Every structure is written in C-alpha cells, then in structure tokens.
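Please open the structure in your viewer and keep the selection panel at hand. This tour goes step by step from the whole chain to one interface.

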Amino acid sequence: MQPIADRNFDALVTPTKLHRSLYTDPTLFELEMQRIWGQAWIFIGHESQVPEPGDYFTTHINHNEPVVLIRDKNQAVHVLHNRCGHKGAKVVENRSGRARGALRCAYHGWTYRFDGSLQKVPNEKGYEGTGFDATDPCYSMQPVARVDSYRGFVFASLSHTAPDLIEWMGGARACFDNLCDRSPEGEVEVAGGVLRYEHACNWKFILENLNDTMHPMVVHESIVKAAEAYIATLPPEAAEQRKEAEIIPPFGASYEKFEDSGITGFAYGHHYDGGKTSIHSAYSVDPDYHEAMLAAYGEQRTQDILGFNTHNVLFYPSLTIKCAVQNIRVIRPISVDRFIVESWSFRLKGTPESMLQRTLLYSRLINSSMGMVGPDDLEVYRRAQTGLASSASDWVEFHRQYGKDQVLADRVVGGGTSDLDMRTQYRAWKAYMEGSMQGLPDHG
Ligand code: FES
Ligand SMILES: [Fe+2]
C-alpha cells in the first residue's frame with residue numbers, strides 16, 4: 001500500500017475515488033470513531049422502548065462508549081454514559097429491562113436515580129473528613145453531551161458543539177414525518193424483537209449499498225427469479241401468498257426504473273432514493289388501513305403521505321429507515337472489519353394488525369440473517385473486504401453521473417443510478433475527519 005499522510009484526507013477521498021485504506025486501516029477506523037461517531041448525532045433508540053419510569057435500553061455510541069437510554073420518574077428520557085462514578089464499572093449490564101427504585105452498580109453498590117444523579121453510597125462514614133462530596137455531579141452517571149429526540153426517535157452526540165438535531169437532519173427530516181404520518185394517529189412504536197446481525201466487514205459497506213441501485217438486479221437475481229416463478233404458480237384466490245411474495249420481485253427492477261426513482265442528498269451525509277416512486281410503491285394497501293387514513297387525514301393528505309415513496313433513507317452514519325415498511329436498521333461499528341446491524345420493526349398506531357404483520361414479514365424476509373435479500377448483500381460486502389486487502393490497486397471508484405448532480409438550496413438531486421449517494425457520504429466523511437461539520441457543496 002502506498003504510504004499516505006495520516007491527515008491528508010484529500011489524498012484518500014477524491015471526487016471520484018476512495019483509497020482502500022478507508023476499509024482496511026485500523027488507525028483510520030479509530031479516527032473515524034473519534035471524528036465521525038464522536039461528533040455526529042447517533043441514533044440511540046425510540047422512546048416507546050422505555051414506556052415506564054425505570055425502563056432502560058443499553059447500546060453504545062461508538063465502539064468504546066456504552067450508554068443507557070432510561071426514563072425517569074418525571075417521564076423525561078435520558079441518555080447516560082453507562083459508567084459508575086466510583087471506579088468506572090459499567091452499571092447496567094442487561095440489554096433492556098425495568099429498574100426498581102434506582103440503578104445499582106454491581107461492584108460496591110453505589111446507587112443512581114434514573115436521571116443519573118448519585119443517590120446513595122454505602123457505608124458513607126468512611127468518607128467523612130476526606131473532602132469527598134456525594135453531591136458533586138462528577139460522581140453521577142454522566143449525561144451524554146447532547147441528547148434530543150424527534151417524533152420519538154432519540155439521538156445523542158458526544159460533541160457539545162454539534163448543530164441542533166433539526167438542523168443536522170435538514171431536509172431528510174421529512175422522512176421521519178412520513179414514517180410517523182403513515183399512522184392515522186401520527187405515531188409509531190417499536191413492536192416485536194430486534195434482529196441483530198453481525199457483519200464481518202467494514203461498517204461503510206452497508207451505507208454505500210443503501211442507495212446503490214446498480215447492484216440489486218445482479219446480487220439479488222437468483223431470489224427474484226425464484227419469487228417470480230413462485231408467484232406464477234399462485235391461483236387468483238391466493239391473495240395472502242401473493243401479498244407476501246410481492247415483496248421480492250421489485251428488487252430485480254430495471255436500471256431505467258431505478259434511474260427514475262432518483263437520489264436526493266443533504267448536508268451531513270444524509271440521503272435517500274425514491275420519493276415519487278420506489279421499489280415499495282406497488283405494495284398492495286389493506287382497505288381497512290386506507291379507510292383509517294382517509295378518516296384521519298382526508299383524501300388529499302392521505303395521497304400525499306402514501307405517495308411519498310422513499311426506498312432507503314440514511315441518517316449518516318448510524319441509522320437507515322424505510323418509511324413505507326416501518327422498519328429501521330441501526331449500525332454499530334466494532335472494528336475496521338466488523339460491525340453489527342440491528343433491525344427494528346414499528347407498529348403504526350391506529351392501524352389494522354395486517355400492517356404490523358407485513359412489517360415483520362419484510363424484516364424476516366429482507367433483513368434477517370436467515371432472510372432472502374440481506375445475506376446476498378453481506379456476501380458481496382465480504383468479498384469486497386477480501387478483495388480490498390489485495391495490493392492490485394489502491395482505489396475504489398465512483399464516477400457514475402459525476403458532474404451532473406443538481407445543487408439546490410438545501411439538497412442535491414440526481415439520477416437514481418448515479419453515485420450521488422457516495423458523493424454525499426464522502427463529502428461528509430471528509431468534513432468530519434477534517435474536524436468540521438458538513439454543509440452542502442457550493443458547486444454544481
Ligand atoms: S465501581 Fe461502581 S460502586 Fe464501585
Ligand atoms: Fe441489496
């Protein structure tokens with residue numbers, strides 16, 4: 001590998017090429033954890049995961065930062081560093097649960113209120129006259145620097161200087177609105193369990209793949225053909241089976257169809273494909289659901305909500321959402337060649353059970369480690385990780401439709417088969433790595 005200066009990110013990311021060390025260099029991975037994952041707003045969880053005081057959910061912001069999402073007795077939701085103020089032990093070990101009364105460290109029994117403040121130190125007498133002050137906030141479970149939520153989706157940032165969450169989300173925020181507005185009550189809640197899927201490759205592969213519309217008809221060809229053959233055998237009355245099978249063939253859509261869907265990029269690395277149309281547009285709609293939407297919103301607004309069809313939306317770098325199927329995937333890096341994807345499903349409040357069943361079906365079919373689509377993607381990421389260890393070339397290219405992106409006031413738009421998504425992500429990657437945060441490009 002050619003030596004490249006550690007901080008010369010212009011040499012690692014050009015407008016049309018990436019250096020392969022972005023996927024293979026452990027030092028660069030550590031820098032990414034500090035500068036991207038240590039600055040950006042990282043998705044933590046949904047408020048519906050902690051409905052009652054004392055309910056908690058644990059995760060980590062980057063590979064080194066365990067945190068706990070918890071609801072306090074006044075119903076406020078906190079994101080705390082999961083570290084004891086005494087000698088540093090991780091306080092909450094379980095993935096989720098309901099604490100009674102207080103959080104208690106398993107080492108020396110210090111207890112904490114649900115807002116993180118220190119409640120009690122055992123055998124306090126030994127501290128008398130030592131200068132130890134139990135009310136000093138330095139002994140609390142520390143709050144993460146910035147915490148905010150949007151329509152129940154809780155984000156946290158390790159950076160005190162991060163822009164406000166709303167500003168950071170920019171125009172991509174409309175996708176959270178669309179996901180929630182698909183409920184006649186305007187609210188969603190986590191339903192069912194989580195599908196947790198470890199990937200033996202660099203975390204950026206899955207982000208690059210989300211709006212990569214040049215791959216589905218190749219990578220997913222075999223399952224699309226099998227699904228089409230199965231659908232051809234279904235009699236007209238097999239509506240249930242058709243509804244299940246219809247999820248697969250759109251993954252084999254043509255280049256033209258994907259091109260029409262377009263890609264839209266925003267500041268800070270966010271983007272989505274689709275809008276007017278996506279591979280989810282043609283799913284059949286439960287008539288009872290349609291009725292409930294009409295009753296809540298009226299004809300025009302219902303059409304507007306159901307007509308905004310994105311495919312994958314990325315909130316760079318930790319969260320991707322699918323509005324039309326009420327499913328999200330959460331990215332958690334572990335090392336330069338390992339990360340975890342968590343797939344969560346949501347219920348649209350006030351809708352028939354069939355809507356949740358389709359969401360769960362989609363998650364099982366597409367996102368699970370036993371699914372029919374996600375494992376195809378992992379196989380090609382794994383091959384890319386292997387191939388990029390080769391000294392044959394130092395570069396990965398992304399020229400597609402370069403120079404044709406249209407720069408608008410708050411977004412960049414372009415063809416659905418373009419590499420606009422790569423340009424959007426790596427503009428942000430470079431800005432974060434250089435220590436700044438990312439606005440829109442000022443050139444065409
Ligand atoms: S490390 Fe937690 S109580 Fe001592
Ligand atoms: Fe794919």
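What follows is a short list of selections in a predicted model, each with a note on what is there.

**Step 1: the two domains.** Select residues 42-150 and give them one colour; the domain assignment calls this part domain 1. Then select 170-433, which is domain 2 in that assignment. Between the centres of the two domains, taken over C-alpha atoms, lie 34 Å.

**Step 2: where they meet.** Select the residues of each domain that are in contact with the other: 12 belong to domain 1 and 18 to domain 2. Together the two domains bury about 1,300 Å² at this interface, and 60% of that area is on carbon and sulfur atoms.

**Step 3: three residues of domain 1.** Show the side chains of Phe-43, His-46 and Tyr-150. In domain 1, these three lose the most area to domain 2, and together they make up 45% of what that side buries.

**Step 4: polar links.** Which kinds of polar link cross the interface? Seven residue pairs are in polar contact between domain 1 and domain 2, counting pairs with both residues at pLDDT 80 or more. A search for salt bridges across the interface of the two domains finds zero.

**Step 5: the strands on the domain 1 side.** Select β2 (42-46) and β3 (55-60), the elements that each give two or more residues to the side of domain 1 touching domain 2. The largest share, four residues, comes from β2. Finally, colour this side of domain 1 by residue type: five residues are nonpolar, six are polar and one is charged.

Methods. Residues are numbered from 1 along each chain as its sequence is written. Chains are lettered from A and ligands numbered from 1 in the order in which they are written. This is a predicted model: local features need pLDDT of at least 70, side-chain atom pairs count only at pLDDT 80 or more; totals for chains, interfaces and linings use all residues. Side-chain values use heavy atoms; hydrogens and water are left out. Domain bounds come from an automatic or database domain assignment. Contact means heavy atoms within 4.5 Å. Buried area is the accessible area (1.4 Å probe) that two parts lose on being put together, summed over both. A salt bridge is a side-chain nitrogen of Lys or Arg within 4 Å of a carboxyl oxygen of Asp or Glu. A polar contact is a pair of N or O atoms within 3.5 Å; within protein, one must be able to donate a hydrogen and the other to accept it, and residues adjacent in sequence count only if both atoms are side-chain atoms. Ala, Val, Leu, Ile, Met, Phe, Trp, Tyr, Cys and Pro count as nonpolar, Asp, Glu, Lys and Arg as charged, and the others, Gly among them, as polar.
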